[in-house]
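Dear colleague,

I am handing over the structure we spoke about, and below it I have set out what was found. Please read the notes with the structure open beside them.

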Amino acid sequence: MESKNMQPADIDLTGEFSVFSPSLQQTAMSSGAEQQMMQIYLRVRPFSKEELSANEDQDCVVIDDGQTVTLNAPKGSATRKSSEKGIGLSIHKFSFSKVFGPQTTQGELFEDAVRSQVFDFLEGENALIFSYGVTNAGKTFTIQGTPKHPGILPRVLDAVFSYIGGLQYHGMDLKPYLMNGAQFLDPDQVKQERTAKMTVLASVKEECDHQRLSGSSEPSIFSDITLSSSSSSNNLAEAGGDQFALWVAFFEIYNECVYDLLQPSQSKKRSPLRVCDDGAGNAYVKDLKWINIQNLSEANKLLQFGNKNRSAAATKINQSSSRSHSIFTMKLLKIDRQTVERISEFSLCDLAGSERCNKAKTFGERLKEAGNINNSLLILGKCISALRSSQADRTKVAYIPFRESKLTKLFQAFFCGKGRAAMIVNINQCASTYDETLHIMKFSAVAKQVVQVIPDKPAESSVPCLVGRDGKPLMKNGVLEGYPSEDELFEEEDEADMSLLPQNDKDLLNIIENLRTKFLAERRKNLVQEMEIRKEMGDAMLQQLLESEELRIREAEELKESYAEKLENTFEMYKDAIKDHAYQSAMSNLEDNYVPLDAFTAEQEKAEALRCKVSELEDLLSSIQRGVSPVLRVDQWSQTEPLPDAGEMDDRIKRLCQENSALEKMCEDNKQLILYLEKRLVDLNQTLQHVQDDFLEKSDDVEALRKTVDEQSKSMGEILCQNAEKDKEIASLKAEIEKLSQKSPVQLKTKTRRGLLANIKEVVSSPRRGPSSNSLVKPPRTPKY
């Protein structure tokens, strides 16, 4: 399967994608904070029977050792075609923190990749693990697994419960709040939390005890955890007073909308949640349901409940493809005598797989879902690349687009030093998805170069903030946490005031006098400035009113003309339509039932003759039935026609009856046609009457609108006159102020100043109380037709 243009097998791209630059290493070593590369693990999914039968096994993925993988481009792939043209390479090598082959079990993956982060989580640090890869690569199996082969998430839960053991806090009155806070709940709120929890658990059927990992044939996953020597002594102290409470949340990001998977759905349409900021740069999901769990059975039921609500659909590549990013978050509260000492967070994210629509055969709603999935993963790749670029070159300030996607916005804290993030890359070995797999591997190689910096924070800064049921900080010893006491504030104010007081009383009086003089001068200046501003605002408002009134008058005239024109056009259209309909109806009826006059007269004469013959034959038949000798009638018949025999007479009688019935039917149809035409004429007359009435109503509305415009024009004239009078009053007041300003400011009496202010307020407020202020009435809008 080798190609002529295939590159030698010893070509290694580790230096391009997986080796950290020396400058960045030197920077990481020089910093005092704890730094390490992001841990990237690779897991290779084994082939299925269908893939083997479809010849997907073409040695595309070769595991060199426990940290290196080689990718060989198969025939027909875009990478192979480009390499044959001399563009790019056909063999790529990548290195990872650890490579897990197809035979790796779930337990081995947990021990080698997740165990250390669970240890950090129990020690009070934040951790994030997310699975990344193409669709149908085994991401959901890695995170959640199956009842027989539990994944990372159930093993983490079992590890936590094995660690805290009998040190659980059962009060449920301390709940996580925002990013690193705790909320104290009252008894009513605790009752609500218990009810909500029981509602969710009751909706899930009881599962057998064999699903509990600690009760199965396999021993407890984390039962043999050993703490470091420095923390072994603290473990005994925790048994004496410290307790732990585990709260979990389960949500998904579907089509860039966040939905709570633990919220019982009352209807088919779910309500999306908002991603907000707590004011310290930390993103959180508002109104997300947090549930306190006490054992692994409750955790399994919550997982089952959330998976039922998760968005999934079938594509050509994967029959059960996840159409959303699901995030399961755990928060562990360490409590000591109703005090939360620390809060640690552990999030496991099952990212939806990237896919190509032409291969997955997605369309409609599936196509929209694939677009949103690929877009969020693209933004995640941009953030990783921007982090790597900014760390490689400290002189450049790179923009990291965390806020462009809800997924990266929620993960921002873990990438910015508030936790440790690790990625498990899932790939398959199929030749048909080689190009997508290569793209995933290149992204993981870039992510492996990101340096995670965990600053050494003092213990006091990491203590969570305790808030009450209303979300406000609670008080300790009468003082809010993080705020100075009243005594401290008073001491600071007293010190500041004593530093400003002069030593001599005379100097103090001079300062007071100077300040009073400056105050009066500034006040006088402000009054004049206020009057000028009010006048300018009044003139501007008046100008605006005039312009708006003129605009309304012009719009009313245009509206009136347009309505009149539309009414005339509508009336003419109705008249033409009625005429055309009447003419067409008459012509169609005339064409269907037209009979020439001569033919009609001949038919009438013929019908009359036939009617006479029918009557004579009826008389003859009746006489025969009565036994009367029909001699006279036979004689009479013989005078006109030869006497027919009995059979011929019966035929003629039947034929005449049929012709008679046909003529009667024709007469009845003609009568019905005449009645229909009369009814149609009555309807047309009624329609014309309605049109005439509508026209008269529109004319009345136009006349009323014209009267309203005239009244408003008169009121505007009155307003202009009043404005001129007010301008004269303002000018006189300004002259009076100038006269008063020439006098000494000390001689101004309080009564004079109050009188001046009262006059100014009366002048300013008088237009509002005047009767003319109510004359500006917004003209009613006439409805459009």
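I will begin at the surface, with L509, which is exposed at a relative accessible area of 57%. Please keep in mind throughout that this is a predicted model. L509 has its place in helix α16, and together with L508 and I512 it makes up a nonpolar patch on the surface, the accessible area of the three adding up to about 250 Å².

Helix α16, which runs over residues 505-593, also carries two salt bridges that you may want to look at side by side. In one of them E530 is paired with R534, and the closest N and O atoms are 3.2 Å apart. These two residues stand four positions apart in the helix, which means that about one helical turn separates them. As for their surroundings, E530 is partly exposed with a relative accessible area of 37%, and R534 is likewise partly exposed, at 38%.

In the other, the side chains of D539 and K535 meet with an N to O distance of 3.1 Å. Here too the partners are four residues apart in α16, so that about one helical turn lies between D539 and K535. D539 counts as partly exposed at 33% relative accessibility, and K535 has a value of 33% as well, which also places it among the partly exposed residues.

A further pair is found in helix α17, which covers residues 597-626. There the side chains of R611 and E608 form a salt bridge with an N to O distance of 2.7 Å, and the two residues are three positions apart, about one turn of the helix. Both ends of this bridge are partly exposed, since the relative accessibility is 44% for R611 and 43% for E608, and the partly exposed class lies between 20% and 50%.

How many salt bridges are there by this rule? The count comes to 21, and the pairs described above are among them. I would also draw your attention to D120, E125 and R420, which are linked to one another in a network of salt bridges.

Is helix α14 largely enclosed or largely open? Of its 14 residues 12 are buried, and therefore the helix is largely enclosed by the rest of the structure. The buried residues include the charged or polar D435, E436, T437 and S444 as well as L438, I440, M441, F443 and V446. Helix α14 spans residues 434-447, and from its first C-alpha to its last it reaches 20 Å, which is close to the 20 Å expected at 1.5 Å a residue.

Turning to the protein as a whole, it has 785 residues, of which 38% count as buried, and it contains 20 helices and 23 strands. Among the contacts with a separation of 6 or more, 75% are made by residues that lie 24 or more positions apart. The accessible surface comes to about 46,400 Å², and carbon and sulfur atoms account for 53% of that area.

With best regards

How values were computed: Residues numbered from 1 in each chain as written. Predicted model: local features only at pLDDT ≥ 70, side-chain atom pairs only at ≥ 80, totals over all residues. Heavy atoms only, no water. Buried < 20%, exposed > 50% of the residue type's maximum accessible area, 1.4 Å probe, protein only. Contact = heavy atoms within 4.5 Å. Areas by Shrake-Rupley, 256 points an atom, 1.4 Å probe, with all protein chains shown as cover. Salt bridge = Lys/Arg side-chain N within 4 Å of Asp/Glu carboxyl O. Expected span 1.5 Å × (residues − 1). Patch = residues over 30% accessible without salt bridge, like charges linked within 9 Å, V, L, I, M, F, W, Y side chains within 5 Å.
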